[in-house]
Amino acid sequence: MDYVNPGQRKDGLHRLVDALPEDKTEAAMRLLELLLGEGGELLPEGSAGRLSLLERIVDSLPDGVLAVDREGKVVVWNRAVEEMTGVRKEEMLGRGEYAYAVPFFGERRPILVNILLGNGKEWERKYEKIERKGHVLVGEGFAPCAYGGRGLHFWTLVAPIQDEKGNLLGAVQCIRDIGERKKMEAELRYCSTHDALTGLYNRAFFEEELRRLEKDRSFPVSLILCDLDGLKAVNDMLGHERGDELLRRAAKVIACCVRGSDVVARVGGDEFAVILPQTDRKTAEEVVGRIIEAVEMDNAQHPDLPLSVPVGAATAEDASRPLRETYKEADDAMYTNKLVAGKDPRGAVIRALKATLAEKDFHNTERVKEIACLLGEAVELSREEMDNLRLLADVHDIGKLGVPDHILCKPGPLTEEERKEIQRHPEVGYRIALSSAELAPVAELIRQHHERWDGRGYPRGLRGEEIHILSRILAIADAYDAMTSECPYRDALSHEKTLEELKRCAGTQFDPHLVEIFTELMAKKRG
């Protein structure tokens, strides 16, 4: 651009620097001072280095800088713009008719420098944000063709270039790559709307979507609610890693059964919900069927820890009632499904628990349960007591999950400290079971299963009938199984020697009446 005199050239350079973002002006100002001679005058017109130094000033800026004259022809195209577009300045300087927009947007169109100069104001809508601050335009947008088609998220500022009389000479535009900022913003938006564990939408997004749909024309709207049964028990007994595994599997199963446009959310610790816009009741029931089938297929691949997922659905045909009521209806339907299906979350939990205990102990819980039930039937326990006895047999040693393997599997005698560690397991099992709704009914029975008839047992030193009959039965069945099983520190005893040992301990370790019934029962069984 031609300047009329040195004073105008100096002022023009100052205006160019002032038009840059605040955080870039300091470095540019220092370079500008080099360009000015003593007294603030430009170097003499004939100075060979003046134009080269000016070019280096602009090229050294990390932001892209382009400028056009009043006719829209390019007069500045710095190195950062070259990197963004892949077009060298020699190819672009002097070109007009919006040619400089092509490497950014793939078409000849006005950009902000042109809009500032009064051309193509209707193109403002192509920018994500645009704001006018006095004579300056500030905006954000996306240039799909920049960086070889990779695209560029940019922040941009455009300022007019005027002479000392205020005549418009052209416009300068600074372009900053904000790709990293946009990426961070996208990650923050994702985190604010998604559940970190499952990748599904979270409850906040789900509720916002319900509010939006109530004002929309997407009716009928169907809602599906799912519940992951037994999660708390898995967390308590097998650890949160296994519980998290269940949640991820359930989320994947549910999400694969719906459309990509549907909203699948984790709305609680073990609860999932699906929003199906423009979906009638019949179609929603078909989706429910797909979810049930998908759960069964997943369980076939994970028999050690299967999913138990009751499902309920409801449909709002129009906006005559709040979707919150439809949600409640789906929740009621899910609960009914749970009851009608007779799903017992303990089953999956206990199978997984037994598999884990089997790796840490040498008892056969199925055999202990069989023996205990024989004795329970012989003393005519009620149906409820028999159910609790079966559950107790399955989980009585749950506290051993907290005992180190080197103690459980030690081939020689235990030290006093190791014995105390072992003797903690009834209390540990009690606390675990008490925290689980499924196992709470047998929590106290777990705590008592190492008490002795003579009061010398642990952990509380109960005696006689202070010990629950189910714990007394379990103690006999457990001892019989232990003595007739191989373990690292001794050989298995024969059936006959085991019964003799039980009789010897009747009245001290075991309930004598139950031992008498048991030995007669086992003698008949063997006979």
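1. Where in the chain is the place of Glu380? In this predicted model, Glu380 sits in the loop that runs between α15 and α16 (383–395), and its phi is near 60°, a positive value in a residue other than glycine. Glu380 counts as exposed, because its relative accessibility is 71% and the exposed class begins over 50%.

2. For a reader new to the chain, an overall view may help before the details. The secondary structure comes to 23 helices and ten strands, and of the 527 residues 48% count as buried. The accessible surface is about 26,700 Å², with 50% of that area belonging to carbon and sulfur atoms. Among contacts between residues at least 6 apart in sequence, 56% join residues at least 24 apart.

3. The helix that precedes the loop of Glu380 is α15, which spans residues 365–378 and packs with helix α21 (residues 469–483), their axes coming within 9 Å and crossing at roughly 135°. The pair is therefore oblique, and α15 passes α21 in a right-handed crossing. On the α15 side the contact is made by Arg367, Val368, Ile371, Ala372, Leu375 and Gly376, while α21 contributes Ile473, Leu474, Ile476, Ala477, Asp478, Tyr480 and Asp481. Sorted by class, this contact holds nine nonpolar, one polar and three charged residues.

4. Helix α21 has a further partner to consider, since α21 and helix α22 (residues 495–504) pack at an angle of about 140° with their axes 10 Å apart. This makes α21 oblique to α22, because the roughly antiparallel class is reserved for angles over 145 degrees, and the crossing of α21 and α22 is right-handed. The contact joins Ile476, Ala479, Tyr480 and Met483 of α21 to His495, Thr498, Leu499, Glu501 and Leu502 of α22, and by class it has six nonpolar, two polar and one charged residues. Ile476 and Tyr480 of α21 take part in the contact with α15 and also in the contact with α22.

5. Two peptide bonds deserve a careful look, given that most peptide bonds are trans. A cis bond joins Phe219 and Pro220, with omega about 0°, and Pro220 is found in the loop between α9 (203–215) and β7 (221–227). The bond from Tyr458 to Pro459 is likewise cis, with omega near 15°, and Pro459 lies in the loop that connects α20 (443–448) with α21.

6. Is Gln278 buried or exposed? Gln278 is exposed, with a relative accessible area of 57%, and its place is in the loop between β9 (271–276) and α12 (281–301). The phi of Gln278 is near 50°, a positive value in a residue other than glycine, whereas most residues of that kind have a negative phi.

7. Helix α10 (residues 231–238) is mostly covered, with six of its eight residues buried, namely Leu231, Ala233, Val234, Asn235, Met237 and Leu238. The residue that follows α10 is Gly239, whose phi is positive, near 100°.

8. Strand β1 (residues 64–69) includes Asp69, which is buried because its relative accessible area is 17%, where the limit for that class is under 20%. Beyond its neighbours within four places in sequence, Asp69 is in contact with Val75, Leu117, Leu169 and Gly170. The C-alpha atoms of Asp69 and Ile161 are separated by 8.7 Å, although the two residues are 92 apart along the chain.

Definitions and conventions
Residues numbered from 1 in each chain as written. Predicted model: local features only at pLDDT ≥ 70, side-chain atom pairs only at ≥ 80, totals over all residues. Heavy atoms only, no water. Axes fitted to C-alpha atoms, helices over the stretch in contact; angles between N-to-C directions. Helix = DSSP H or I, 4+ residues; strand = E, 2+ residues; numbered from the N terminus. Parallel < 35°, antiparallel > 145°, perpendicular 65-115°, else oblique. Left-handed = near helix turned anticlockwise from the far one by under 90°. Contact = heavy atoms within 4.5 Å. Nonpolar A, V, L, I, M, F, W, Y, C, P; charged D, E, K, R; others polar. Buried < 20%, exposed > 50% of the residue type's maximum accessible area, 1.4 Å probe, protein only. Areas by Shrake-Rupley, 256 points an atom, 1.4 Å probe, with all protein chains shown as cover.
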